[in-house]
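Colleague: I have some questions about the labels put on this model. Can you take me through the reasoning?

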Amino acid sequence: MSKTAISFRTVKPKVKIAPSVLGVDYGDLNHHLQQLESFSDLFHVDVMDGNFVPNLSIGAMVVDKMKTTVPLDCHLMINHPHEYVEAFAKAGAHAITIHAEASKNLKEDIEKIRSLGCLAGVSINPKTSVSKIEKVLPLVDSVLIMSVEPGFGGQAFMPEVLPKIREIRDKYPDLDIAIDGGITDKTAPLAREAGANVFVAGSYILKADDPKEAAELLRKSVGG
Ligand code: DX5
Ligand code: ZN
């Protein structure tokens with residue numbers, strides 16, 4: 001076992017690599033997704049409304065056109081998420097992650113996602129504390145800790161969010177804890193050490209000369 005691997009705390013849930021498909025070629029969507037399949041545990045689908053975040057991306061209509069064997073985790077960076085979760089479930093989302101800052105009734109919205117047959121995730125922005133989601137943690141399948149302000153790919157990782165991962169992992173040894181934003185083979189080990197097991201990576205994988213090699217390096221960096 002490598003020295004780095006020894007320093008990781010024991011985390012039961014399996015390591016998962018989730019390329020963020022924000023940077024795929026939407027003109028040749030399914031072909032591009034196919035090229036990522038062999039090294040992806042999940043596809044992280046960034047949905048932005050130009051309101052909750054200062055950027056627009058795709059909606060359920062595009063998700064519906066994604067034909068892939070890899071489960072889709074839709075990260076909804078949108079206001080009024082409850083109005084849209086059904087459309088994403090119908091479009092084939094395997095998991096739907098909503099923001100605590102955007103939901104007026106988090107518990108109800110999470111229950112709605114589960115009633116639609118999807119896994120439910122909750123996300124918090126870098127400045128939001130764990131106390132905001134404490135009550136729903138027993139109800140969710142995953143937590144997504146933002147390590148950049150949501151809205152854009154290619155930003156620098158914010159290490160100050162790491163204590164939030166530790167705080168959640170100490171109470172929930174089996175929960176999928178994902179980290180999103182600025183993930184590379186240098187920053188992912190910090191999140192892994194804190195207790196994260198799902199690594200969302202946009203630029204690091206999609207902008208690499210060899211995305212497969214980058215994903216493999218990322219997986220190796222977290223001992224997965
Ligand atoms: C940011 C998105 C991220 C983003 C990650 O708002 O939620 O998923 O695509 O991109 P990188 O890995 O480039 O920071
Ligand atoms: Zn995301």
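Modeller: Gladly. Start with the zinc ion (ligand 2): its donor residues follow the spacing H-x1-D-x28-H-x104-D in sequence. Its pair His 75 and Asp 180 ties together parts that are 105 residues apart in sequence, because His 75 lies in strand β3 and Asp 180 in strand β7. Keep in mind that this is a predicted model.

Colleague: What makes His 44, Asp 46, His 75 and Asp 180 donors of the zinc ion (ligand 2)?

Modeller: Distance. The atoms are NE2 of His 44, OD of Asp 46, ND1 of His 75 and OD of Asp 180, and they lie 2.1 to 2.3 Å from the zinc ion (ligand 2). The cut-off is within 2.8 Å of the metal, so these atoms count as donors.

Colleague: Why is the site of the zinc ion (ligand 2) called octahedral?

Modeller: The site has six donor atoms, with angles of 72 to 172 degrees among them. Six donors count as octahedral if opposite donors are over 155 degrees apart and all others lie between 65 and 115. The site of the zinc ion (ligand 2) is classed as octahedral on that test. For reference, ideal angles for six octahedral donors are 90 or 180 degrees.

Colleague: Are His 75 and Asp 180 buried or exposed?

Modeller: Both are buried. That word requires under 20% relative accessible area.

Colleague: How do you know that Thr 97 is buried?

Modeller: Thr 97 has a relative accessible area of 2%. The limit is under 20%, so Thr 97 is buried. Thr 97 sits in strand β4.

Colleague: What makes the pairing of the Thr 97 and Asp 73 side chains a polar contact?

Modeller: The two side chains come to 3.1 Å. The cut-off for a pair of N or O atoms is within 3.5 Å, so the pair qualifies.

Colleague: Asp 73 also turns up at a pocket. Which residues lie nearest the centre of the second largest pocket?

Modeller: Leu 42, Asp 73, Ala 95, Ser 142 and Asp 176, out of 17 lining residues. The space there is about 220 Å³. Strand β6 gives the most to that lining, with three residues. By class the lining has nine nonpolar, four polar and four charged residues.

Colleague: And how much space lies in the largest pocket?

Modeller: About 370 Å³. Of its 28 lining residues, the closest to the centre are Ser 20, Gly 153, Gly 154, Gly 202 and Ser 203.

Colleague: What makes up the lining of the largest pocket by class?

Modeller: Twelve nonpolar, twelve polar and four charged residues. Gly counts as polar here, so Gly 153, Gly 154 and Gly 202 fall in the polar class. Helix α8 supplies the largest share of that lining, three residues.

Key:
Residues are numbered from 1 along each chain as its sequence is written. Chains are lettered from A and ligands numbered from 1 in the order in which they are written. This is a predicted model: local features need pLDDT of at least 70, side-chain atom pairs count only at pLDDT 80 or more; totals for chains, interfaces and linings use all residues. Side-chain values use heavy atoms; hydrogens and water are left out. On a 1 Å grid over the protein atoms alone, a cavity is a set of points where a 1.4 Å probe fits but cannot get out, and a pocket is an open set with protein on both sides within 12 Å along at least five of seven lines; lining residues have an atom within 4 Å of a point. Grid points are joined across faces, edges and corners, and a volume is the space filled by probe spheres set on the points. Helices (H or I, at least four residues) and strands (E, at least two) are DSSP runs, numbered from the N terminus. Donors are N, O and S atoms within 2.8 Å of the metal (3.2 Å for Na, K and Ca); water is not among the atoms, so sites may look incomplete. Four donors count as tetrahedral if all angles lie between 85 and 135 degrees; four count as square planar and six as octahedral if opposite donors are over 155 degrees apart and all others between 65 and 115; anything else is irregular. Buried means under 20% relative accessible area, exposed over 50%, partly exposed in between (1.4 Å probe, protein chains only). A polar contact is a pair of N or O atoms within 3.5 Å; within protein, one must be able to donate a hydrogen and the other to accept it, and residues adjacent in sequence count only if both atoms are side-chain atoms.
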